[in-house]
Amino acid sequence: MRIIYSADEMQQIANKYRELGKKIGFVPTMGYLHEGHLSLVRKAKEDNDVVFVSIFVNPLQFAPNEDLDKYPRDLRRDEELLKEEGVDFLFYPAVEKMYPDGFQTYVEVEKLTKVLEGKSRPTHFKGVTTVVLKLFNITKPHRAYFGKKDAQQLLVIRRMVKDLNLDIDVVGMPIVREEDGLAMSSRNKYLNEEERKQAVCLYKSLKKAEELINSGETDAKEIIDEMKKVIKSYPLAEIDYISINRLSDLEELKTIEKGNTLVSLAVRIGQTRLIDNMWF
Ligand code: AMP
């Protein structure tokens with residue numbers, strides 16, 4: 001595996017593979033890799049001739065009060081994991097290279113980013129779409145892989161790809177979980193022992209929603225109230241939001257629409273903000 005620091009060089013490599021008629025699979029990450037990331041990498045390996053992974057902790061998607069500075073990093077370990085998966089190129093740019101002096105161009109998906117995570121983190125998605133479009137232009141993938149863990153992000157990227165006529169197949173992959181159900185996340189590292197135990201409340205509340213929906217409940221408010229009860233039985237948990245939305249446009253739903261419903265939540269456990277969701 002080669003590590004590439006320069007956007008120009010990465011682009012030249014992408015051009016070369018395209019000229020050879022090879023299919024490029026791309027997995028953007030912020031590093032501190034876990035099995036969730038690796039599931040995307042494995043799928044990219046399966047589907048494509050060459051796989052590029054990026055590690056870039058993108059300052060643009062963090063608000064000033066968020067965890068940019070303490071976001072966990074371990075390049076050596078990430079490198080080993082990616083090598084083991086047979087990744088061909090790791091793109092690892094410096095912040096100054098991605099956003100040099102004078103940078104002033106941004107991409108914004110307007111409506112989908114106003115709800116859920118976008119309501120709690122108003123500048124977040126503008127940072128995400130801007131960096132992802134840059135990364136797409138640098139790595140020139142045929143297919144790009146995103147986790148359903150960040151459900152709204154996946155929908156926003158799909159919208160951007162459609163709206164801007166990007167010729168990229170966006171592949172959404174299932175959430176990979178720990179044994180007790182906690183969705184894997186680099187941020188889980190922030191949790192102390194007791195917080196880690198209580199962090200399972202997000203999954204437990206989603207399982208409650210699943211149980212209700214499977215038994216025929218269609219009233220969104222009923223389901224949300226039951227989910228709240230679950231979360232409130234964990235003393236360290238503080239709800240940011242619990243929401244039920246239509247997957248196709250993220251409009252809030254009063255009634256479950258089979259096959260088109262996203263149940264999602266954000267919960268603070270101590271200082272750590274965690275998100276999770278299920279698709280119905
Ligand atoms: P991040 O490094 O957190 O920006 O995540 C990079 C990619 O990995 C995103 O597309 C995430 O949705 C995906 N991802 C993160 N955690 C998981 C997980 N537990 N299961 C599946 N995909 C995940």
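## Buried positions, cores and a ligand site

Asparagine 58 lies in the loop between E3 and helix H3 (75–84), where helices (H or I, at least four residues) and strands (E, at least two) are DSSP runs numbered from the N terminus. The model is predicted, so that local features need pLDDT of at least 70 and side-chain atom pairs count only at pLDDT 80 or more, while totals for chains, interfaces and linings use all residues. Residues are numbered from 1 along each chain as its sequence is written, and side-chain values use heavy atoms, with hydrogens and water left out.

**Exercise 1.** Decide whether asparagine 58 is buried or exposed, and find which backbone oxygen its side chain reaches.

*Solution.* Start with accessibility: asparagine 58 has 0% relative accessibility and therefore counts as buried, the classes being buried under 20% relative accessible area, exposed over 50% and partly exposed in between, with a 1.4 Å probe and protein chains only. Next list the surroundings: leaving out residues up to four places away in sequence, asparagine 58 touches Met30, Tyr99, Gly127, Val128 and Val131, contact meaning heavy atoms within 4.5 Å. Finally, the side chain of asparagine 58 reaches the backbone oxygen of glycine 127 at 3.0 Å. Such a polar contact is a pair of N or O atoms within 3.5 Å; within protein, one must be able to donate a hydrogen and the other to accept it, and residues adjacent in sequence count only if both atoms are side-chain atoms.

**Exercise 2.** Work out which residues have the most contacts inside the largest nonpolar core, and where this core lies with respect to domain 1 and domain 2.

*Solution.* A nonpolar core is a set of buried Ala, Val, Leu, Ile, Met, Phe, Trp, Tyr and Cys residues joined through side-chain atoms within 4.5 Å. The largest one has 43 residues, and those with the most contacts inside it are Phe52 and Phe136. Among the elements that give it two or more residues are helix H1 (7–19), strand E3 (50–55), helix H6 (124–139) and strand E8 (261–269), and its largest share, 8 residues, comes from H6. Domain 1 (2–173) and domain 2 (186–279) both give residues to this core, so it lies between them; the bounds come from an automatic or database domain assignment. To see the packing around one member, take phenylalanine 52, which, apart from neighbours within four places in sequence, is in contact with residues including Met10, Tyr17, Phe26, Phe89 and Thr139. A second, separate core has 30 residues, among them Leu212, Val230, Leu265 and Met278.

As for the two domains themselves, their centres, taken over C-alpha atoms, are 26 Å apart, and the contact takes 22 residues from domain 1 and 18 residues from domain 2.

**Exercise 3.** Identify which residues are closest to the ligand, and how much of the area that the ligand exposes alone is buried by the protein.

*Solution.* The ligand is surrounded by 17 residues, the closest being Met30, His37, Gly147, Asp150 and Val176; a residue is near a molecule if one of its heavy atoms lies within 4 Å of it. Inspect the polar atoms next: a backbone N or O atom of methionine 30 lies 2.9 Å from an oxygen atom of the ligand, and a polar backbone atom of glycine 147 is also 2.9 Å from a ligand oxygen. For aspartate 150, an N or O atom in the side chain is 2.7 Å from an oxygen atom of the ligand. Taken alone, the ligand exposes 480 Å², of which the protein buries 93%, with areas from the Shrake-Rupley method and a 1.4 Å probe; for residues, only the protein chains shown count as cover. The shell receives two or more residues from each of E2, helix H2 (35–47) and E5, and its largest share, 3 residues, comes from H2.

**Exercise 4.** For tyrosine 32 and leucine 116, establish what value phi is near, and in which loop each lies.

*Solution.* Most residues other than glycine have a negative phi. Phi of tyrosine 32 is near 55°, a positive value; tyrosine 32 lies in the loop between E2 and H2, and is partly exposed with a relative accessible area of 21%. Phi of leucine 116 is near 50°, again positive; leucine 116 sits in the loop between helix H4 (95–98) and helix H5 (117–120), and is buried with a relative accessible area of 7%. Leucine 116 is also one of the contacts of glutamine 152, a residue of helix H7 that counts as buried at 5% relative accessibility.
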